[in-house]
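Reader: I work at the bench and would love some help reading this model. Could you pick one helix, look at it closely, and then tell me how the rest of the chain is arranged around it?

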Amino acid sequence: MSESAPIEHPGWLTSGDFTEADEPLRLFAAWFEEASRSEPRDPTAMSLATVDADGMPNVRMVLMKGFDERGFVFYTNVDSQKGRELDATHRGALMFHWKSLNRQVRLRGPVTRVDDAEADICFASRPRLAQIGAWASKQSAPLESRHAFERAIAWQTAKFALGAVPRPPYWTGYRLLPLIMEFWHDRPFRLHDRVEFRRDALDQPWHKTRLYP
């Protein structure tokens, strides 16, 4: 739609839809269910933002492995750059962008590690080659060549030729517990809908604010 075209029917500026929601986790679950049906790639893909010791931000894509009232979970090597930064600050931010729905969700809050039992279950559910890769990859460390990586994969494949592959001690999950959740939906003429849910602490109630786009 042309941004210079006249606005003939402004009713969609104040229509109900998600702006009437009073609790963010149920709203996220509804949006995620829709994205799971419509997103052509992976609806669990989300950007993860952290900061280093100098305050320089970092952002990368990770996959959400679960969410509930306790928070949003993803897994990584704790010796990676993101793992080190999360362990140092215990804070992070996430963003989902579902282009098929013209929606995005932003989250910010404290981050904790999941317990070992939860990490064990997730690791056991991964394809065997992904398990081998977790042992072979020194994530974020310098790599001299692709061939060196392939040798490491071959060595780990031989090492775990029989039986189950155990979870590496440096591979685990992190859980972001949101204090802020913002929902954004595209509207014509860049007159988007934005709703922010914010709470002062994890045991406090959510407060909703509608934001200018």
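Author: **A close look at helix α5**

Helix α5 has 14 residues, which should span 20 Å at 1.5 Å a residue, and its end C-alpha atoms are indeed 20 Å apart. That expected span is 1.5 Å times one less than the number of residues. Helices (H or I, at least four residues) and strands (E, at least two) are DSSP runs, numbered from the N terminus. Please keep in mind that this is a predicted model, in which local features need pLDDT of at least 70 and side-chain atom pairs count only at pLDDT 80 or more, while totals for chains, interfaces and linings use all residues. Residues are numbered from 1 along each chain as its sequence is written, and side-chain values use heavy atoms, leaving out hydrogens and water.

Which residues of α5 are buried? They are Ala148, Phe149 and Gln156, where buried means under 20% relative accessible area, exposed over 50% and partly exposed in between (1.4 Å probe, protein chains only). These residues cover an arc of only 100° around the axis, so they sit on the same side of α5; the arc is taken from the directions from the helix axis to the C-beta atoms. On the other side, Arg146 and Ala158 are exposed.

What covers the buried residues of α5 includes α4. The axes of α4 (residues 128-136) and α5 (residues 146-159) come within 9 Å and cross at roughly 115°; axes are lines fitted to C-alpha atoms, for helices over the stretch in contact, with angles from 0 to 180 degrees between N-to-C directions. At this meeting, Ile132, Trp135 and Ala136 of α4 face Phe149, Ala152, Ile153, Gln156 and Thr157 of α5, with contact meaning heavy atoms within 4.5 Å.

Helix α1 makes a good companion to α5. Its 15 residues (24-38) reach 21 Å from first C-alpha to last, close to the 21 Å expected at 1.5 Å a residue. In α1, Pro24, Leu25, Leu27, Phe28, Trp31, Phe32 and Ala35 are buried. Seen down the axis, these buried residues fall within an arc of 150°, so they line one face of α1. They pack against several strands, including β3 (66-68), β5 (91-98) and β9 (193-198), whereas Arg26 and Arg37 are exposed on the other side of α1.

One of those strands, β5, holds Met95, which is partly exposed, with a relative accessible area of 27%. Met95 touches Met46, Ser47, Gln104, Val105 and Arg106, not counting residues up to four places away in sequence.

Over in helix α3 (residues 116-124) lies Glu118. Its side chain makes a polar contact of 2.7 Å with the side chain of Arg175. A polar contact is a pair of N or O atoms within 3.5 Å; within protein, one must be able to donate a hydrogen and the other to accept it, and residues adjacent in sequence count only if both atoms are side-chain atoms. Beyond four places in sequence, Glu118 is in contact with Arg70, Val73, Tyr75 and Arg175.

Stepping back, the chain has five helices and 10 strands. Buried residues make up 41% of its 213 residues, and its C-alpha trace spans about 65 × 40 × 35 Å along the principal axes.
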